[in-house]
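Biologist: I would like to learn how to read a protein model step by step. Could we look at one together, taking a feature at a time?

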Amino acid sequence: MESVRIRPMAEDDLPGTERASAVTFLEGDRLTRRINEPEPEPRSAEASRRWIERMRFFLSIDPEGCWVAEDAGDIVGFAISQNRGPIWYLATYGVLPGRQGKGVGSRLLDTALAHADGRPGLFSSTVHPAATRRYRLAGFSLYPQMRMVGVVDRSTLPEVTGLHEGREEDQEWMDQLDHDLRGAGHGPDHSFMRKTLRLVVSRASGRPGYVYIDQDQGQPVLLAAAHPQTAQKLLWEALAASRGRTLVNCITSANHWAVDVGLTARLDIGQEGYLAVRDMTEPAPYLASGHFL
């Protein structure tokens with residue numbers, strides 16, 4: 001693998017990195033597909049555009065956390081991580097299927113972890129055996145995650161009160177809530193997500209919370225709350241916005257409040273990778289985002 005070079009990502013790398021990501025994760029989805037699940041489909045043109053938009057944002061905020069593996073001008077791997085104050089997170093990471101098992105992934109992860117500079121960290125992991133072994137050896141605890149999928153039985157939707165559309169001025173208390181749950185605020189991530197997702201909040205005294213909803217996909221993207229009851233109200237609001245098949249993921253065992261909502265809504269439950277955390281506790285009530293954690 002001497003021909004493979006690990007180097008900082010540049011904006012011109014984004015299209016090639018997106019293609020490598022699409023191939024890598026499609027193959028991973030195919031290998032882990034359950035018999036009763038539909039065949040995974042390639043990433044759509046719109047999803048590819050949104051992926052590039054998110055990675056361009058990360059590159060603009062913390063470029064020193066963004067790396068690619070290059071061989072003869074082709075992107076064969078990538079690791080995009082970010083420092084947010086005292087917390088580090090890995091937004092996405094992968095190596096092309098034909099290049100796995102040859103040390104490229106280890107070199108990329110080591111480079112991204114060097115950027116963490118000892119910070120506590122978290123990310124959402126697949127079940128790939130070699131990858132999970134690498135994460136554990138790097139000092140991460142692996143908390144199994146669940147996901148819930150299906151079409152919401154709309155007859156189960158309760159009347160939800162006390163929620164409001166989010167505003168820019170909510171970010172201060174949202175960052176404080178993030179700090180209480182995961183050790184650091186999302187900071188500029190909130191500004192980016194507000195532009196691309198619907199934000200719904202609870203400003204109840206002592207029980208604040210928020211959820212970002214992808215209105216195109218009809219599913220929650222990131223949810224944080226000070227109390228499980230608030231978290232459930234926010235998740236019900238997100239499910240009410242769903243159209244057709246929806247997904248609630250990144251559910252760890254500390255977040256069974258989400259399982260209760262999903263089962264009541266007649267969603268199907270299954271297992272899905274791990275939430276990897278280092279030098280921090282498992283956040284709850286909290287549903288992490290795959291990219292923004």
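Biologist: Which strand gives the most to the lining of the second largest pocket?

Modeller: Please keep in mind that this is a predicted model. A pocket is an open space, and the residues that line it are those with an atom within 4 Å of one of its points. Here, strand 12 gives the most to the lining of the second largest pocket, with 3 residues.

Biologist: Which residues make up the lining of the second largest pocket, and how do they divide into nonpolar, polar and charged?

Modeller: The lining consists of Arg34, Asn36, Glu37, Arg147, Val149, Arg245, Asp268, Ile269 and Gly270. Two elements, strand 6 (141-151) and strand 12 (268-278), each give two or more residues to this lining. By class, the lining of this pocket has 5 charged residues, together with 2 polar and 2 nonpolar, and the space in the pocket comes to about 170 Å³.

Biologist: How many cavities of 30 Å³ or more are there, and what lines the largest cavity?

Modeller: A cavity is a space where the probe fits but cannot get out. The count here is 1 cavity of 30 Å³ or more, and the volume of the largest cavity is about 40 Å³. Strand 10 (219-225) and strand 11 (245-251) are the elements that give two or more residues to the lining of that cavity, and strand 10 gives the most, with 4 residues. Around the cavity one finds Pro220, Val221, Leu222 and Leu223, along with Leu247, Val248, Asn249, Leu287 and Ala288. The residues of this lining divide into 8 nonpolar and 1 polar, with no charged residue.

Biologist: How many disulfides does a search of the whole structure find, and why are Cys66 and Cys250 not bonded to each other?

Modeller: To count as a disulfide, two cysteine sulfur atoms must lie within 2.5 Å. The search of the whole structure finds 0 disulfides. Cys66 is in no disulfide, and its nearest cysteine sulfur is that of Cys250. The two sulfurs are 20 Å apart, so they are too far from each other for a bond.

Biologist: Are these two cysteines buried or exposed?

Modeller: A residue counts as buried when its relative accessible area is under 20%. Cys66 has 0% relative accessibility, so Cys66 counts as buried, and Cys250, at 4%, counts as buried too.

Biologist: May we follow a single residue in the same way, and where is Thr132 placed?

Modeller: Thr132 belongs to helix 4, which covers residues 129-137. With a relative accessible area of 12%, Thr132 is buried. If we leave aside neighbours within four places in sequence, Thr132 is in contact with Ser125, Thr126, Val127, Leu142 and Tyr274.

Biologist: Stepping back to the whole protein, what radius of gyration does the protein have, and what would a compact globule have?

Modeller: A compact globule with 293 residues would have a radius of gyration near 19 Å, and the protein has 19 Å, so the two agree. Its C-alpha trace spans about 60 × 40 × 35 Å along the principal axes, and the protein contains 8 helices and 13 strands. Of its 293 residues, 52% count as buried. Finally, if one takes the contacts between residues at least 6 apart in sequence, 72% of them join residues at least 24 apart.

Note on methods:
Residues are numbered from 1 along each chain as its sequence is written. This is a predicted model: local features need pLDDT of at least 70, side-chain atom pairs count only at pLDDT 80 or more; totals for chains, interfaces and linings use all residues. Side-chain values use heavy atoms; hydrogens and water are left out. On a 1 Å grid over the protein atoms alone, a cavity is a set of points where a 1.4 Å probe fits but cannot get out, and a pocket is an open set with protein on both sides within 12 Å along at least five of seven lines; lining residues have an atom within 4 Å of a point. Grid points are joined across faces, edges and corners, and a volume is the space filled by probe spheres set on the points. Ala, Val, Leu, Ile, Met, Phe, Trp, Tyr, Cys and Pro count as nonpolar, Asp, Glu, Lys and Arg as charged, and the others, Gly among them, as polar. Buried means under 20% relative accessible area, exposed over 50%, partly exposed in between (1.4 Å probe, protein chains only). The radius of gyration is taken over C-alpha atoms; the globule rule is 2.2 Å times the number of residues to the power 0.38. Contact means heavy atoms within 4.5 Å.
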